[in-house]
Amino acid sequence: MTGQDYSVFEDLKVSKEQVIACSYSNWYRKFRPYVAKSIVIKPLPDEFIEYLSSESIRLPQENKDEVVADSDNEYSDWSDDEEDAQTNPTERFSGLHEEIKNGIRHLGSKVSPKLNWSAPKDAKWIMANNTTKCEDVSDVYLLLNASDHIAHDIDDAFNECGEPDCHTRIPYELVLRQWVDMNPALEFRVFIKNRIVVGVSQRDLNYYDYLDKLVPTFRQKIDEMFTEVIKPSLDHDNVIVDLYIPRPFDKVWIVDFNPFSRKTDSLLFTWHELLQINPKEVYQYELRLISETNLGRFSKKEHSENQVPIDVIDASVNTDTMIELAKKWQDLQEKGK
């Protein structure tokens, strides 16, 4: 295989400004009537960020024994460091701790937490209810500490920007959203390029036989939402918006804004497809659903991206790394002959 056999990916640049624009508090104020009731706590103290970055999970003593989890996810009521085990971790951010407790009560004692960009959906396995629903402050800490998505917000928020590292200080924020038990079949990811919708994908990669006949309704509601609400308030030409259209389909809710970046899952599209679309030539965007014919192609365990080698994840967003990985794979195949 020669260098000419490789296809070079189209460059996709995203700026720090675009990433920051997708931070929850920067868009929530504009679209408040279309978003679940939320409380944004900012700025977060450095001590809390350090707590979330810890390799172990230590929960506060709320009238019960403190639970400690080490990096191997083995729980016990003791740790190797007896002094640490006796220390309530929230003593270092007691003011924030009380704000979170009050926020949970204010939102009906059922919330879903997130940081600036990411929700800890990848860690819902650690919850007894297998959701991101939190009913007390310890649930919030447990979810945030166990999530790789949250770790990404803290450590790698700008790693795809390709701009000089000037140690941009991120004003971290904790978002408490009133819990809504959403039907995952009715969530959609909308790809906006040059202020034009170029594609829409079903978010949940499972087959629902009733969705196909509802496509005209989904199109109408998405078009109305984009034209009347989202487009007039966009700060940037390119962005990805997650929407929820629950029955009886009389209102569209905004779930999140995401950078138009390869780090955002393209779901039923490929990034190559999205980048090749000329918005000026889009008469009617494609709305893709999981069907009986493509079910096998897209079926996968949710958040399985956390269970593949990091080299593969890096390669998916870096052309040079992809070429290097392909060469290594070819060498291994040649040696196996």
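In this predicted model, a useful place to begin is the pairing of strands S7 and S8, where Arg189 has Ser201 in S8 as its bridge partner. That bridge belongs to a wider pairing, since strand S7, residues 187-193, and strand S8, residues 196-202, run in the antiparallel sense over six bridges. The two strands form a hairpin with two residues between them, and within this hairpin Asn194 takes a positive phi near 55°.

Strand S7 also pairs with strand S9, residues 239-244, again in the antiparallel sense and over six bridges; here Glu187 has Tyr244 of S9 as its bridge partner. How many of the seven residues of S7 are buried? Seven of the seven are, and the strand is accordingly described as mostly covered. The burial extends to both faces of S7, with Glu187, Arg189, Phe191 and Lys193 buried on one side and Phe188, Val190 and Ile192 buried on the other. Charged residue names thus appear among the buried positions of this strand, Glu187, Arg189 and Lys193 being listed on one face.

From the strands one can turn to the nonpolar interior. The largest nonpolar core holds 76 residues, and the members that touch the most other members are Ile230, Ile254 and Phe257. This core draws at least three residues from domain 1 (37-55 + 91-178) and at least three from domain 2 (184-288). Setting aside residues up to four places away in sequence, Ile254 touches Trp27, Phe31, Tyr34, Val35, Met225, Ile230, Val241, Asp242 and Leu243. Among these partners, Val241, Asp242 and Leu243 carry numbers that fall inside strand S9, whose residues are 239-244. A second core, separate from the largest one, consists of nine residues, including Leu12, Phe269, Leu274 and Leu275.

A contact between helices can be followed residue by residue as well. The axes of helix H3, residues 46-53, and helix H6, residues 137-146, come within 8 Å and cross at roughly 65°. Phe48, Tyr51 and Leu52 of H3 make this contact with Tyr141, Leu144 and Asn145 of H6. By residue class, the contact of H3 with H6 comprises five nonpolar residues, one polar residue and no charged residue.

These details sit within a protein chain that has twelve helices and eleven strands. Of its 337 residues, 45% are buried. Taking the contacts between residues at least 6 apart in sequence, 70% join residues that are at least 24 apart.

Terms used: Residues are numbered from 1 along each chain as its sequence is written. This is a predicted model: local features need pLDDT of at least 70, side-chain atom pairs count only at pLDDT 80 or more; totals for chains, interfaces and linings use all residues. Side-chain values use heavy atoms; hydrogens and water are left out. A nonpolar core is a set of buried Ala, Val, Leu, Ile, Met, Phe, Trp, Tyr and Cys residues joined through side-chain atoms within 4.5 Å. Buried means under 20% relative accessible area, exposed over 50%, partly exposed in between (1.4 Å probe, protein chains only). Domain bounds come from an automatic or database domain assignment. Contact means heavy atoms within 4.5 Å. Helices (H or I, at least four residues) and strands (E, at least two) are DSSP runs, numbered from the N terminus. Two strands pair if DSSP finds at least two bridges between them. Axes are lines fitted to C-alpha atoms, for helices over the stretch in contact, and angles run from 0 to 180 degrees between N-to-C directions.
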